[in-house]
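Reader: I would like a close look at a single part of this structure, taken slowly and with its surroundings in view.

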Amino acid sequence: KRIFIHKPQSGVEDPDRYRREFGLAVWQADYDGIMPYAYQSDYSFAWDDFDHNKYRDHAFTYPTSRGVIDTLSWEALREGIDDRRYIATLERKISEVKGLAPDCMFQANEFLQRVKRQEGIPDYVEFRDAVVFHLKQLDSYCQ
């Protein structure tokens, strides 16, 4: 069985939430993937959030005659996926050098465990810098 997360749904202007919930939180909770609702879902006219008496449109992007216009939430979702890719790359690198660099592996594993337990929104620049640091350390076998 595979478990996918579908929340939060689109339509709310909260980029940090989308980045976290569709990025690090997916990894922290051991989900297998994401299924966000909805890429574009409108009640009448996609460019008018107030054309329904109760609900607003749900859209990560807005349609145009030549494609789409991204929202900040859509870009944040993409950044969350990139964060997850950074972690996957570090996990893969740890397994590749298993036994060759025990000190670096220990430090990288400790870092991942801290991130795994972390609650709230991290400093994403520090997070990615730390992942790159550990990747470089493992790549050079801590030399």
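What span should the 25 residues of α3 cover at 1.5 Å a residue, and how far apart are its end C-alpha atoms? Please go on from there to what surrounds this helix.

Author: This is a predicted model, and the chain averages a pLDDT of 90, with 99% of the residues scoring at least 70. Among the elements of the chain, helix α3, residues 72-96, has the highest mean pLDDT, 95, whereas strand β3, residues 40-41, has the lowest, 88. As to your question, the 25 residues of α3 should span 36 Å because each contributes 1.5 Å, and the end C-alpha atoms are indeed 36 Å apart, so the two values agree.

Turning to the surroundings, the buried residues of α3 include Ser-73, Gly-80, Asp-82, Asp-83 and Lys-93, along with Ala-76, Leu-77, Ile-87, Leu-90 and Ile-94. The partners against which the buried residues of α3 pack are the helices α1 (15-21), α2 (24-28), α4 (102-117) and α5 (124-139), together with strand β2 (33-34).

Leu-90 and Ile-94 are also among the residues with the most contacts inside the largest nonpolar core, which has 18 residues, and they share that standing with Phe-111, Leu-112, Phe-127 and Leu-138. To this core α2, α3, α4 and α5 each supply at least two residues, the largest share, 6 residues, coming from α4.

Leaving aside neighbours within four places in sequence, Leu-90 is in contact with Ala-108, Phe-111, Leu-112, Val-131, His-134, Leu-135 and Leu-138. Apart from this core lies another, of 7 residues, among them Leu-77 as well as Ile-5, Tyr-18 and Phe-22.

Notes:
Residues are numbered from 1 along each chain as its sequence is written. This is a predicted model: local features need pLDDT of at least 70, side-chain atom pairs count only at pLDDT 80 or more; totals for chains, interfaces and linings use all residues. Side-chain values use heavy atoms; hydrogens and water are left out. pLDDT is the predictor's confidence in each residue, from 0 to 100. Helices (H or I, at least four residues) and strands (E, at least two) are DSSP runs, numbered from the N terminus. The expected span of a helix is 1.5 Å times one less than its number of residues. Buried means under 20% relative accessible area, exposed over 50%, partly exposed in between (1.4 Å probe, protein chains only). Contact means heavy atoms within 4.5 Å. A nonpolar core is a set of buried Ala, Val, Leu, Ile, Met, Phe, Trp, Tyr and Cys residues joined through side-chain atoms within 4.5 Å.
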